[in-house]
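Biologist: I would like a close look at a single part of this model, namely the open sheet and the helices that lie against it. Please take me through it strand by strand, and then turn to whatever else can be said about packing elsewhere in the chain.

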Amino acid sequence: MPPADASTSPHLSERIMSAHTTALAPQADCLARVLEIARDYIASRADRPVFPAASLDDLRSALGGPLSDDPIDPAAVVDALARSADPGLVTTTGPRYFGFVTGGALPAAAAAEWLVTAWDQNAGLNVMSPAAAVVEEVAAAWLRPLLGLPRTASVGFVSGCGMANATALAAARHELLRRCGWDVEARGLNGSPPIHLFVGDEVHVSVLAALRLLGFGAGQAVRIAADEQGRMRPDALAAALDGIGGPVIVCAQSGNVNTGAFDPLDEIVPIVKRCGGWLHVDGAFGLWAAASARLRHHTRGVELADSWATDAHKWLNVPYDSGLVFVAHPAAHRAATSMSAAYLLHADGEARDPMDWTPEASRRARGFAVYAALRSLGRRGLEELVDRCCRLARAFADRLRREPAIQILNDVVLNQVLVRVVPERGDADAATREAVARIQAERVCWLGGTRWHGMDAMRISVSNWSTSDDDVERSAASIVRAAREVACTR
Ligand SMILES: Cc1ncc(COP(=O)(O)O)c(C=O)c1O
């Protein structure tokens, strides 16, 4: 007797159906429950305390305990997880979170991330997900002109700006040593021609971490003096590069993490070009100024750099994690990051293999959320988002400046405000630290402390798409309250 045709066997199809329903039902229950929880969370985020009150012990006892021997129903797992984690969540997507430089997950971007999870695409190779590869291509083509970068720059979708800095500097290392006849990917740095490294005195620590990772050593970078806003001084750079022979990398910055200030790229570019150097721009959030007609002048000259790093999870308001690296020399970018093996089936011709442009192979399909954010905003929406955050930052500064016990330390040129409490008597550093603690304890808004030019300060970063004038007013009132309380206890 011939074997039964597997595709028509009733037994088999029943088995498949039954496997299907048992696999689908719990997943559908789970997703329905998650939708409900997420809806409630999103609806509450403007009103819930910005910072949680739960202690570490509370969270450990809610979330901890031994792993059960037997499986637990997925919907019950998700339900309990959400209940236990909720008291420890920071409302970073809410409109009064001004800590670090934090975006707020635009609706389309957050929803696209859910799809990415359901689809679970591996964005390593074109053959693993043609859609993920093409979405990156399309988003990259939108991003380059928005950020004022060359149309031919290569683009990688990485985990954040720190990784974007590392990737760009790996491309720089490749290209400069290639020009000296040295294959750094094969031979490493031992015995290679030395590369001279220059960073601004206000360099972001992630650039130094990248230099460490790449084997340059953070301590090898010469620090170039910065002005009172933290901008690299072109005269100091010119003096440092004078008479330098051999390969040179200069790391400039668009958007200082404290002041928001921009290094003057239009003056820095010719100085770096004169010595044949590679200019890298760390523009984690400041690069987005290029999307605004009012602010674009801050990035003048940016298109002439060799590489750029930025974040989508900051000002583009894409959920974590999402960074972007751009390189003006695609061959160098690819040589520094790509890998090959017989089983890694690279695309033929001009199709994009996303892993050619990032240090990682398998990874989340980050391009979808970037695509969704850009599509939902459009060019005008993005410009409006950037302009609005800057307007609100100025409104914050104007409101706080009216308070005698408060000083604004920076020129508010972008979305960052540096605030110091200066009581009539006593230590302003201690007063500022105490005010930060009071503001955080009140939980109307959240901001963090920093040091700026030897002074304690608090940092306000307005980066969230949903922040309103009213949120600024309520938050400024909380800051003023804290400053007054602290000033009168001195
Ligand atoms: C100027 C600058 N560069 C790099 C980074 C690092 O970005 P990420 O934390 O996304 O890696 C930041 C973070 O705030 C930054 O402000």
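Modeller: In this predicted model, four strands make up an open sheet whose order is β8-β9-β11-β10, with antiparallel pairing. Its edges are formed by β8 (406–408) and β10 (448–452), each of which pairs on one side only. Direction ignored, neighbouring strands of the sheet are turned by 40° against each other on average.

Starting from the β8 edge, three bridges connect β8 with strand β9 (residues 416–421), again in the antiparallel sense, and within this pairing I406 stands opposite V421 of β9. Helix α12 (residues 367–401) lies across β8, β9 and β11 (455–461), and runs at about 15° to β9. Helix α13 (residues 428–442) also packs on the sheet, where it touches β9, β10 and β11, and its direction makes about 35° with that of β11.

At the other edge, β10 and β11 run antiparallel and are joined by five bridges, with M458 of β11 as the bridge partner of G449. The two strands form a hairpin with two residues between them, and H453 in the turn has a positive phi of about 50°. In a regular strand the side chains alternate between the two faces of the sheet. Along β10 this alternation goes together with burial: G448, T450 and W452 point to one face and are buried, whereas G449 and R451 point to the other face and are not.

Strand β7 (residues 323–327) offers another pattern of burial. Five of its five residues are buried, so β7 is largely enclosed by the rest of the structure. Both of its faces are covered, with G323, V325 and V327 buried on one side and L324 and F326 buried on the other. As for the partners of β7, strand β1 (residues 154–158) runs antiparallel to it and is joined to it by five bridges, with V155 standing opposite F326. Strand β6 (residues 307–311) likewise pairs with β7 in the antiparallel sense over five bridges, and here A309 has V325 as its bridge partner.

The remaining contacts to describe are those of helix α6 (residues 161–179), which packs against helix α8 (residues 205–213) at an angle of about 45°, with the two axes 8 Å apart. That angle makes α6 oblique to α8, and the crossing by which α6 passes α8 is right-handed. On the α6 side the contact involves G162, N165, A166 and L169, which meet S206, V207, A210 and L211 of α8. Sorted by class, this contact between α6 and α8 has five nonpolar residues, three polar residues and no charged ones.

Helix α6 also packs with helix α11 (residues 330–337), at an angle of about 105° and with axes 8 Å apart; the two helices are therefore roughly perpendicular to each other. T167, A170, A171, H174 and E175 of α6 make this contact with A332, H333, A335, A336 and T337 of α11. By class, the contact of α6 with α11 has five nonpolar, four polar and one charged residues.

Conventions:
Residues numbered from 1 in each chain as written. Predicted model: local features only at pLDDT ≥ 70, side-chain atom pairs only at ≥ 80, totals over all residues. Heavy atoms only, no water. Axes fitted to C-alpha atoms, helices over the stretch in contact; angles between N-to-C directions. Parallel < 35°, antiparallel > 145°, perpendicular 65-115°, else oblique. Left-handed = near helix turned anticlockwise from the far one by under 90°. Contact = heavy atoms within 4.5 Å. Nonpolar A, V, L, I, M, F, W, Y, C, P; charged D, E, K, R; others polar. Buried < 20%, exposed > 50% of the residue type's maximum accessible area, 1.4 Å probe, protein only. Pairing = 2+ DSSP bridges.
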